[in-house]
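Q: Please take one part of this model and look at it closely, then set it in the context of the whole chain. I would like a connected account rather than a list.

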Amino acid sequence: MPKKPPVPEDELGHPRVRTAFLRMKVLVSCYVGVSVLALVVAYLWRDRPDLVTDLVWVRGEGVLVASVVLLLFVLGTARGRRGAYLRLRIASAAMVVAIAVLISLPGVLPVWMRVEQGLCGLVLIGVAVIANGSRMRSLFTR
């Protein structure tokens, strides 16, 4: 199947499209920042096994990597890459579901990290809503 060309620059430059990209970039940058902050907090509390478990480290590192990958998807989407847009839509929605499941399981994560994950989930809901909006879908499905 032939690869579709990137979205033309003139369509990417529409004010509402640029605003959507800016909002997603800000939201995902916040996601990266919160992820980094979570690892800093985990490091500072590293001698408190009630607050920092092995799962906190694994989850914290995984979320940081995922946030950077999501940022790359947003940047690729802003350049008109259809594959990046599809990955952004799927990843943002899947991450929201994964976070919802994880924070709903009692005793899996300490309260502070459940709150942090909840904040990440809220940010990702914003990204998913923008990425799946009719304007963005029509732009990338033409």
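A: Two residues are in contact here when heavy atoms of theirs lie within 4.5 Å. The model is a predicted one, and the part chosen for the close look is helix H5, residues 111-131.

Seen as a whole, the chain comes to 6 helices and 0 strands, and along the sequence this reads as α-α-α-α-α-α. The C-alpha trace spans about 55 × 25 × 25 Å along its principal axes, and of the 142 residues 38% count as buried. Among contacts with a separation of 6 or more, 74% are between residues 24 or more positions apart.

Helix H5 has 21 residues, and because each residue should add 1.5 Å, the expected span is 30 Å, which agrees with the 30 Å between its end C-alpha atoms. The buried residues of H5 are Trp112, Met113, Glu116, Gln117, Cys120, Gly121, Val123, Leu124, Val127, Ala128, Ile130 and Ala131. In an α-helix there are 3.6 residues a turn, so residues three or four places apart point the same way. The partners against which the buried residues of H5 pack are helix H2 (15-44), helix H3 (54-78), helix H4 (82-104) and helix H6 (134-141).

Tyr31 shows some of this packing residue by residue: leaving aside neighbours within four places in sequence, Tyr31 touches Cys120, Val123 and Leu124, and its contacts also include Val63, Ala66, Ser67, Leu70 and Met95. Tyr31 is also one of the residues with the most contacts inside the largest nonpolar core, which has 29 residues, and Phe21, Met24, Leu70, Leu88 and Phe140 are the others named for this. H5 is among the elements that give two or more residues to this core, together with H2, H3, H4 and H6. A second, separate core of 9 residues includes Trp112, along with Ala38, Leu102 and Leu109.

Turning from the interior to the surface, the chain exposes about 8,100 Å², of which carbon and sulfur atoms supply 69%. Val36, Leu37, Val40, Tyr43, Leu44 and Trp45 make a nonpolar surface patch of about 580 Å², and Leu37 has its place in helix H2, one of the helices against which the buried residues of H5 pack. The structure holds 1 salt bridge, in which the side chains of Arg48 and Asp50 meet at 2.8 Å, N to O. Arg48 counts as partly exposed because its relative accessibility is 41%, and Asp50, at 49%, is likewise partly exposed.

How values were computed: Residues numbered from 1 in each chain as written. Predicted model: local features only at pLDDT ≥ 70, side-chain atom pairs only at ≥ 80, totals over all residues. Heavy atoms only, no water. Helix = DSSP H or I, 4+ residues; strand = E, 2+ residues; numbered from the N terminus. Expected span 1.5 Å × (residues − 1). Buried < 20%, exposed > 50% of the residue type's maximum accessible area, 1.4 Å probe, protein only. Patch = residues over 30% accessible without salt bridge, like charges linked within 9 Å, V, L, I, M, F, W, Y side chains within 5 Å. Areas by Shrake-Rupley, 256 points an atom, 1.4 Å probe, with all protein chains shown as cover. Salt bridge = Lys/Arg side-chain N within 4 Å of Asp/Glu carboxyl O. Core = buried A, V, L, I, M, F, W, Y, C linked by side-chain atoms within 4.5 Å.
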